There are 4 protein chains.
Amino acid sequence: MICFHNDYSEGCHESILRRLQQTNLEQTPGYGEDAYCAMAAEKIRTLCKQPDLAVHFLVGGTQTNLTVIDAALRPHQGVISAASGHIHVHETGAVEATGHKVLAVPSNDGKITARQVEQVVLEQRHSGAAEHMVQPKMVYISHPTELGTLYSLAELEAVSATCKQYGLSLFLDGARLGYGLESEGADVTLADLARLCDVFYIGGTKVGALFGEAVVISNPAINEDFRYLIKQHGGMLAKGRLLGLQFDALFTDDLYFKLGRHAIVLAEQIRNTLSQLHIPLLVDNPTNQIFPIMSDAALAELGKSFTFTEQERVDETHRAVRLCTSWATTQENVDKLCEDICRIYKNLEN
Amino acid sequence: MICFHNDYSEGCHESILRRLQQTNLEQTPGYGEDAYCAMAAEKIRTLCKQPDLAVHFLVGGTQTNLTVIDAALRPHQGVISAASGHIHVHETGAVEATGHKVLAVPSNDGKITARQVEQVVLEQRHSGAAEHMVQPKMVYISHPTELGTLYSLAELEAVSATCKQYGLSLFLDGARLGYGLESEGADVTLADLARLCDVFYIGGTKVGALFGEAVVISNPAINEDFRYLIKQHGGMLAKGRLLGLQFDALFTDDLYFKLGRHAIVLAEQIRNTLSQLHIPLLVDNPTNQIFPIMSDAALAELGKSFTFTEQERVDETHRAVRLCTSWATTQENVDKLCEDICRIYKNLEN
Amino acid sequence: MICFHNDYSEGCHESILRRLQQTNLEQTPGYGEDAYCAMAAEKIRTLCKQPDLAVHFLVGGTQTNLTVIDAALRPHQGVISAASGHIHVHETGAVEATGHKVLAVPSNDGKITARQVEQVVLEQRHSGAAEHMVQPKMVYISHPTELGTLYSLAELEAVSATCKQYGLSLFLDGARLGYGLESEGADVTLADLARLCDVFYIGGTKVGALFGEAVVISNPAINEDFRYLIKQHGGMLAKGRLLGLQFDALFTDDLYFKLGRHAIVLAEQIRNTLSQLHIPLLVDNPTNQIFPIMSDAALAELGKSFTFTEQERVDETHRAVRLCTSWATTQENVDKLCEDICRIYKNLEN
Amino acid sequence: MICFHNDYSEGCHESILRRLQQTNLEQTPGYGEDAYCAMAAEKIRTLCKQPDLAVHFLVGGTQTNLTVIDAALRPHQGVISAASGHIHVHETGAVEATGHKVLAVPSNDGKITARQVEQVVLEQRHSGAAEHMVQPKMVYISHPTELGTLYSLAELEAVSATCKQYGLSLFLDGARLGYGLESEGADVTLADLARLCDVFYIGGTKVGALFGEAVVISNPAINEDFRYLIKQHGGMLAKGRLLGLQFDALFTDDLYFKLGRHAIVLAEQIRNTLSQLHIPLLVDNPTNQIFPIMSDAALAELGKSFTFTEQERVDETHRAVRLCTSWATTQENVDKLCEDICRIYKNLEN
């Protein structure tokens, strides 16, 4: 069985394994205060073109989301998110477990707009019972979103400006950031993120690392005592250098971007195949997640050799599924997938 | 200015004040372990026709909601509520502050259906990532709802059956229960509630008491160590007898029901006036909250003598507002209100 | 049975009942935004000699403690308390339920010293693992303490200065403040508290009110959005005027101080009787709680007519108990108590 | 500089790195549902001699502690721990952040006794205000403790029996378990732990793994929905196989025990050297942490070549420090350390 159901089925890029091997018996300080973390942080600051950014390395995405949000909010404050946002749907209430409400707004494409943010803020402020409502204080967006879509620079600037106008902080979940940065037409850079967000994270787990997310904080208020919160929420790795090493490797020789690009090129090939077969997509996006709508019969056939994720039922006989490429996806497997889809559709036509 | 903007502007029924006076210098045990609380609980058990019910008295609604829900759920479990539910909108994230997610479902009339409950449950269980989602474990409904509507006995039985089928508990917020029980066409009794809900509360604050809500628990698992949770969440009144006394008074000589009936009769009078003037309602309901849609001009005029609550803008020139009657509303004031509305509409026509 | 086991067995001072009666059918805004709350707050500000103080009224002590502490701390911060402090022992983990650790320090007399505060702070800061420890950020003291002792002005100034030096806030729990202010030798005034604490509360429940505590905040950072936290934690009374009315009554014609004084005079009488009989005290204090150490035989006899609270076993045949006087204690009952103790001791001698 | 200041300065045992390399590009299911986790769990069940144990793999110790404790307790319940326990001192209030109080009991050697557990339970139950106190419901012990001491089998059986008697669950933190199992005189086995504890964990981070702790649960009530809690608290590793692989390697060919034994042998050599020089120990223990009390002068000299952890000041001129050996400590470095200590003491004598 060949896996296309997610982008974290394999281990890590070989250069990371090599680094682990080379440094294995070095003795380093614990908890992220080693030289490798410092080097990786410095590389990220350089790419972000801001020398003062705080950079912290955490193990996983849910942990990162709950720690950042808890660090940024007082008890009565909540975080605005698309209803499809990972924190709202797929983190077992991790944010609520820290005491904060996720203020969900509807979204068809996984994104939220500056206008929606403003509406939530004004609705609370003008409600006549503001104190009886959760105070919106942070906006959470994912980029790419859970539906693989991307914010344009203009959209991101608008959301950021609205946040500033109303005193909210902006947090961008970049679990798949490498794929977002390298997609066709993407016009948002790391430097843009550092400039427009109060805090964002660069995902490693899904983009070539064994595990790990790099949190980048430009707002000093959120960074205050941030390490206490990492520790309290169980996110401070004893051998923190494991995280530093990985991000240092990922940001050496543009590896992170190359890995991202690799997945995008293969995703484009799949999208082209689907397009030629007139297979519709649930949502159009340029990143490494593809959401074709196929007949149950075709999916049954495809499922004999490939894994994919169920997304949603579209009608009586069709459903949308998710196919992912990743840094580790091979050309060979993508060729097989495309051939198989073509074969299945040809047979079905007959 | 005559207040119709809520049902808690005045103090309490005179019989309660009299009881407070008569018993003021008695020495009683604290924290709800006095004879008055015992008497009131016994009266409630009799009305509910279940001798084994646990009855606790708390000070207010938000406190009651957060304590009950926290007592019923483990950390990863959430409570299903209408998106318009008080716990979702107007309690400053009190439930989330205890670590639990409110799983909101859309509703036009403030109610949720058995089918909606089932959908939320099945969506989580069949998601393929159940452990990554909050586990629905309780259903919260308000009766009357925030929009003044009522569950029919059949609807309530359906919700209750679905909860039992899927192992969820059912919690009914009866902040305005007295008005619900005495509305025209209402077919749900206290005994029905005790039979169909795992836990519900009988609102005192809005129905004749100075303050206080009586929590009635039929599910022993929710009642286990419940008093610890009351104390932990700051809801255990030192002079607990104040609550017992009030509910004992309210359930003496059917006072609670008479107070409810009083408000309903006056609300009907207002509804009739509105109907005669062809003033539409945002939502049709038989209880003490009335939601007329009136022009901004008419409301400006009405607002010179009467208070009401803003509900929502309906179009460019019209908005829905809320008028409440209560146990304390006088016939005289309702007559004035009706006359004023008639006068305003007559003038506007000319 | 005559109750000396606590200071909240009766209702309230008659002037409060009278005010409730007089104003019962007035229509006032809810949630503490009425004229009575404003009047009471103004009286408190005047007594505290600070025109800018924020004053909020909550229903009970545990609720007040958890709300104030949660408002003041970020997630990784804790509150220093005597190991005997109410928040550490007798609030069912209410502070921890908001996510914060109580950092307990040993105390024989219920008080903590400036030196102890400094030690906790320095121990954490100099530990070499500061981020792995809870950051002390607030000091909680009770005055009178749970053992009836009082801080001298000099002690309070020292604690306050140490807090300021290290950036901690100082919170004083005044559940029995009225008795503390009126004790023999007490040299701390309301104005001192307002000057030296970031936040404190004036207890009503135990000093003449039906219920209610007045929170006085001089530190604007703690007051920011404080009403949201009251609401979130279930402490916002719908008919908030009930609290305003009571405190307005208590601070009219020095009633609060007179009620405090009343209890102190009667407590002194009991202490004198005990002293004449050479009955030792567990802890010497000048307030309304008295902790005599008596033989099991004597207590068995005394328990036939009077209630008291068990404090602790002292040796095989003796235990310390607590006797409380209050605003409601009658001269007649104190006389009876003293006579009974004398009689019991005379009999035991023979 | 040669590090003896902790047991997590290096990476991992070479066999683990080799396994990572060999399996790197395999595609496996995420979140711990892969074959490697299953294999490792099976090996642990076999060693524990209980075929029904639940085994979960988490990334680190704090995360494990907070997740287990949160899974086991209802909101009003707390966990008893030695005052020196890791959860009480060095996890930034992680347990309190989940809402639960740590009930600390004094301890000189890091251990708590069955009698102490009983006392805490009875004190609460017989307090006359049980509902106002946190209900003790779990006991947390570390083995080895933070002071390197071990429970004897008899002591552990006594604690376990007391827990069972009073309905508490027993949780053993085995962050350094490998060293405890292999110490001289240790009479507790994995099978004993599985039999006597409701839940315990086998530490990997400090005993040969890159990271990871294996939670072993024998009490089904604690295991119920445990994976939801792992996810909610951010402890569910996407590439869960990384944990399974490591524990599978550690429990292949007794590697875990051999690594433990290695550190113990070297620790014994250091202890012997200290003993010959009559250097006293702060606490006597048989495990891999050694707490010599040395003069400031000697430590200044030693600190030129070796790192150690400050433990506490003993008198004006002496302090206790901590030296750790580990699976990665080399014979060569221990020889150097012992020689250096001998040299320093010889010089100081002259």
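This is a tour of two interfaces of chain B in a predicted model, starting with chain A and moving on to chain C.

**Stop 1: chain B against chain A**

Select chains A and B and show the residues in contact. The selection should hold 19 residues from chain B and 19 residues from chain A. Between these two chains about 1,400 Å² is buried, and carbon and sulfur atoms account for 54% of that area. Now pick out T92(B), E96(B) and K101(B): this trio provides 40% of what chain B buries against chain A, more than any other three residues.

**Stop 2: charges and polar pairs at the A side**

Stay at this interface and display the side chains of E96(A) and K101(B). They form a salt bridge, with N to O at 2.4 Å. The interface of chain B and chain A has 2 salt bridges by the rule used. Polar contacts between chain B and chain A come to 10 residue pairs, with both residues at pLDDT 80 or more.

Next, colour chain B by secondary structure. On its side that touches chain A, α4 (86-89) and α5 (94-97) of chain B each contribute at least two residues. α4(B) has the largest share, 3 residues. Colouring that side of chain B by residue class gives 7 nonpolar, 8 polar and 4 charged residues.

**Stop 3: chain B against chain C**

Hide chain A and bring up chain C. Here the contact involves 42 residues from chain B and 42 residues from chain C. The area buried between chain B and chain C is about 3,800 Å², with 55% of it on carbon and sulfur atoms. Select Q27(B), Q232(B) and K239(B), which together give 18% of the area that chain B buries against chain C, more than any other three residues.

**Stop 4: what lies across the C side**

How many salt bridges cross the interface of chain B and chain C? The rule finds 0. Polar contacts can be displayed instead: 27 residue pairs, both at pLDDT 80 or more, are in polar contact across the interface of chain B and chain C.

To see which parts of chain B are involved, select β1 (2-3), α1 (14-23), α3 (61-72), α5, α11 (226-232) and α12 (241-250) of chain B; these are the elements giving two or more residues to the side that touches chain C. Finish by colouring that side of chain B by class: 21 residues are nonpolar, 15 polar and 6 charged.

**Last view: α5 of chain B**

Show chains A, B and C together and centre on α5 of chain B. This helix supplies at least two residues to the side of chain B that touches chain A, and it also gives two or more to the side that touches chain C.

Key:
Residues are numbered from 1 along each chain as its sequence is written. Chains are lettered from A and ligands numbered from 1 in the order in which they are written. This is a predicted model: local features need pLDDT of at least 70, side-chain atom pairs count only at pLDDT 80 or more; totals for chains, interfaces and linings use all residues. Side-chain values use heavy atoms; hydrogens and water are left out. Contact means heavy atoms within 4.5 Å. Buried area is the accessible area (1.4 Å probe) that two parts lose on being put together, summed over both. A salt bridge is a side-chain nitrogen of Lys or Arg within 4 Å of a carboxyl oxygen of Asp or Glu. A polar contact is a pair of N or O atoms within 3.5 Å; within protein, one must be able to donate a hydrogen and the other to accept it, and residues adjacent in sequence count only if both atoms are side-chain atoms. Helices (H or I, at least four residues) and strands (E, at least two) are DSSP runs, numbered from the N terminus. Ala, Val, Leu, Ile, Met, Phe, Trp, Tyr, Cys and Pro count as nonpolar, Asp, Glu, Lys and Arg as charged, and the others, Gly among them, as polar.
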